[in-house]
Amino acid sequence: MASILILNGPNLNLLGTREPEVYGRATLGDIEAMCRAHAEGRGLDIAFSQSNHEGALLDAIHAARGRHAGIILNAGAYTHTSVALMDAIAGVALPVIELHLSNIHAREDFRHRSYIARVALGVICGFGAQGYLLAIDALHSHLERAG
Ligand code: CA2
């Protein structure tokens, strides 16, 4: 069974506690449960994790090599700042889907730049928690096409 890593960056552990108008009411635990149910119906195994630390996210991306067939990455604010995450993704050469709950292009200018997008297979943003399920489907069909 193919396995995918769903990796979440800084402050996403706070989901469901504040700013529901921007990020919705689901907690990260709710999102993990939705992802597990969705992936199971598609014969996919998932690993789901979150870290507030850039180095830990880098380690998780490196460790995904040989273990996971692809990554769904909500890098949070590191999306807009981290050349290191961009280099890690390029380094492991796994398909990565960049994901955001909010539509980063409809928000402040500093959120319009993404270092992740340059090395991602594609980007999904603006669909709230549902975006995680869209990303699972997108990665699943990519992996099926790629064989
Ligand atoms: O829309 C997204 O998924 C983001 O990756 C979320 C990040 C933000 O920096 C990105 O620009 C877009 C922030 C996550 C913070 O989440 C919180 C949730 C509740 C309370 C406080 C922060």
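**Close-up views of a predicted model**

**View 1. Asn8 sits in strand E1, residues 3-8.** Strands (E, at least two residues) and helices (H or I, at least four) are DSSP runs numbered from the N terminus. This is a predicted model: local features need pLDDT of at least 70, side-chain atom pairs count only at pLDDT 80 or more, and totals for chains, interfaces and linings use all residues. Residues are numbered from 1 along each chain as its sequence is written, and side-chain values use heavy atoms, without hydrogens and water. Asn8 has a relative accessible area of 0%, so Asn8 is buried (under 20% relative accessible area; 1.4 Å probe, protein chains only). Leaving aside residues up to four places away in sequence, Asn8 touches (heavy atoms within 4.5 Å) eight-listed partners including Phe48, Asn74 and Tyr132.

**View 2. Phe48 and Tyr132 form an aromatic pair.** The count is 1 aromatic pair. Ring centres must lie within 6.5 Å; planes under 30 degrees apart are stacked, over 60 edge-to-face, the rest tilted. This pair is tilted, at 6.5 Å centre to centre and 35 degrees between the planes. Phe48 lies in strand E2 (residues 45-50) and Tyr132 in helix H5 (residues 130-146), so the pair ties together parts 84 residues apart in sequence. Phe48 is buried at 13% relative accessibility. Tyr132 is buried at 1%.

**View 3. Polar side chains meet oxygen atoms of the ligand.** A polar contact is a pair of N or O atoms within 3.5 Å. The side chain of Asn74 places an N or O atom 2.8 Å from a ligand oxygen. For His100 the distance is 2.9 Å. For Arg111 it is 2.8 Å. The protein buries 95% of the 510 Å² that the ligand exposes alone (Shrake-Rupley method, 1.4 Å probe).

Notes: Buried means under 20% relative accessible area, exposed over 50%, partly exposed in between (1.4 Å probe, protein chains only). Rings of Phe, Tyr and Trp (its six-membered ring) pair if their centres lie within 6.5 Å; planes under 30 degrees apart count as stacked, over 60 as edge-to-face and the rest as tilted. A polar contact is a pair of N or O atoms within 3.5 Å; within protein, one must be able to donate a hydrogen and the other to accept it, and residues adjacent in sequence count only if both atoms are side-chain atoms.
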